[in-house]
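Biologist: I should like to request a close look at a single part of this structure. Please describe the surroundings of one residue, and then the enclosed space and the ligand.

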Amino acid sequence: MTGAHPTADDLRLPPELLPADGRFGSGPSKVRDQAVASLTEVAHGYLGTSHRREGVRSVVRDVRSGLRDLFSLPDGYEVLLGVGGSTLFWDAASFGLIERRSTHIVIGEFSSKFAQVARAAPHLDEPQVCETAPGETPARPETVEGDVYAYPHNETSTGVTVEVHRPAGDALVVVDGTSAAGGMRFDASASDVYYFAPQKCFASDGGLWLALCSPRAIERIERVTPTRWVPATLDLSIAIENSRLEQTYNTPALATIYLLDQQLKWMLEHGGLDFAAGRSERSAATVYGWAEGHKFATPFVKDPAHRSPVTATIDFDERVDAAALAAALRANGIVDVEPYRKLGRNQLRIALFPAIDPDDVAILTRAIDFLLERMAV
Ligand SMILES: *Cc1c(COP(=O)(O)O)cnc(C)c1O
C-alpha cells in the first residue's frame, strides 16, 4: 500500500498483468479478431450486396442451421430473426405471443422492462409479476396465470440466472436468452421461445433479434396476429415468412450477421455448446473463486446455484471505490467492467462470454489485486 492518493504511475499495470484483450463488457462485448479479419477478406463479395440475394442469404442460412446444431433444437423448432434487437422483440411479443395476459419473473432491469411492455399494452390484461430483489434467489410463481410465462435465463443487470424450466399448464415459455445464449447450457425443449441478440455470447454487433421457436409458438403467432392490429415491423408472422426465406423483413446490418456466423462456426468447430459454455464456466470458476474469501471483494449473488457464468457481479467493501478501480483499469486499456448503471452498487461487472479468454480473466483478477494494493485504504 502506498497511501490513499496513488499517482497515475503507481496505477500503471506491468506488462504481465495486461490481458491480451482488454474488453470485458457485457454488451457490446469482445468481437474476436479472426472474425473481423474474415469479414475484411470477404468484404467485396459480401458487404454492400443485396440481402435478397444468395451471397447474404447463404450466410443467414448458415446462421439458422448453425443455431439449430448448437442448441440441438427438437424437430419442428424454427429459428426466426428480425431487425431491432431483444428490446424490439419484447414489443413484438406483446403483439404476437401474448394472447391476453402474461406472467413474468422479474429479477432486475431487463426482466422488468419486458413486464413493463406487457403492462403498457392497451390490448393486454395486467400481467402477473413475480418479483425478487436484485441479487436474491429468484422466486417462481406458484401458478402461472398467463398464456405466456416469461423470464430471463441470465439477468444481465445483476448476474442472476434462472434455469430454463417449463411449469405445469400450457402457457408458452418465453425465455430472454440475450446474454445467456451460446454461453449457458439448457434444454431447448423446455422453452417455446428462446430469444437473444448477437452482441453478447455471439461476439457480434447489436441490432438483430433471433428466436428459437417451438411449433406451439409458431401456431400462437399465426393464430394471434390476424386478430389485432400489428405494426409490420413487429409482426412475427411476417418474420416467419421472411426467416423461412433466409431474409429479414427490412434491411439488416450485414456485418452483424457475418460476425455472428463466424462466432457460431468457431463454437461448432471446437465442440459446440459444451466448448462454449465450458469456457464461460472456467472463467466463472476463476472469478468467483478469487472473490470468495477475498480481503475486499465478494460475489454479489450469494447463492452459487444462481451465479451467472457469463456476467459476474463482484461487490467491494467500503475500503474500495469500485468506480475509481474501474477507471484505473480503463486507463490501462481494460474496459467496461463498470456495474450496470441503474443497480448503483459498489461493484464491478465482468463479462465471461465464450469469446473472452479464460486466461485473460485470470490475468484480470491479478490486475485488480495489483491496483487494490495501491488504492484501497
Ligand atoms: C442486452 C440485453 C437485452 C437488450 O438487448 P438489445 O439487443 O440491446 O435490445 C435484453 N435482455 C437481456 C437479458 C440483455 O442482456
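Modeller: The following account begins with serine 157 and then turns to the largest cavity and the ligand. This is a predicted model, in which local features need pLDDT of at least 70 and side-chain atom pairs count only at pLDDT 80 or more, while totals for chains, interfaces and linings use all residues. Residues are numbered from 1 along each chain as its sequence is written, and side-chain values use heavy atoms, with hydrogens and water left out.

Serine 157 is found in the loop between strand S5 (154–155) and strand S6 (160–161). Helices (H or I, at least four residues) and strands (E, at least two) are DSSP runs, numbered from the N terminus. Serine 157 counts as buried because its relative accessibility is 2%; buried means under 20% relative accessible area, exposed over 50%, and partly exposed in between (1.4 Å probe, protein chains only).

The side chain of serine 157 makes a polar contact with the side chain of glutamate 155, at 2.6 Å, and reaches the backbone nitrogen of glutamate 109 at 3.1 Å. A polar contact is a pair of N or O atoms within 3.5 Å; within protein, one must be able to donate a hydrogen and the other to accept it, and residues adjacent in sequence count only if both atoms are side-chain atoms. Leaving aside residues up to four places away in sequence, serine 157 touches Gly108, Glu109, Phe110, Tyr340, Leu343 and Arg349, where contact means heavy atoms within 4.5 Å.

Phe110 also appears in the lining of the largest cavity, together with residues including Trp90, His104, Tyr151 and Asp176. A cavity is a set of points, on a 1 Å grid over the protein atoms alone, where a 1.4 Å probe fits but cannot get out; lining residues have an atom within 4 Å of a point. Strand S2 (102–106), helix H4 (109–120), strand S4 (148–152) and strand S7 (172–176) each give two or more residues to this lining. The largest cavity holds about 60 Å³ of space, the volume being the space filled by probe spheres set on the points, which are joined across faces, edges and corners.

Asp176 is also among the closest of the 13 residues that surround the ligand, as are Thr87 and Lys200; a residue is near a molecule if one of its heavy atoms lies within 4 Å of it. A polar side-chain atom of threonine 87 lies 2.5 Å from an oxygen atom of the ligand, and one of lysine 200 lies 2.7 Å from an oxygen atom of the ligand.

Methods
1 Å grid on protein atoms, 1.4 Å probe; cavity = no way out; pocket = protein on both sides within 12 Å on 5 of 7 lines; lining within 4 Å.
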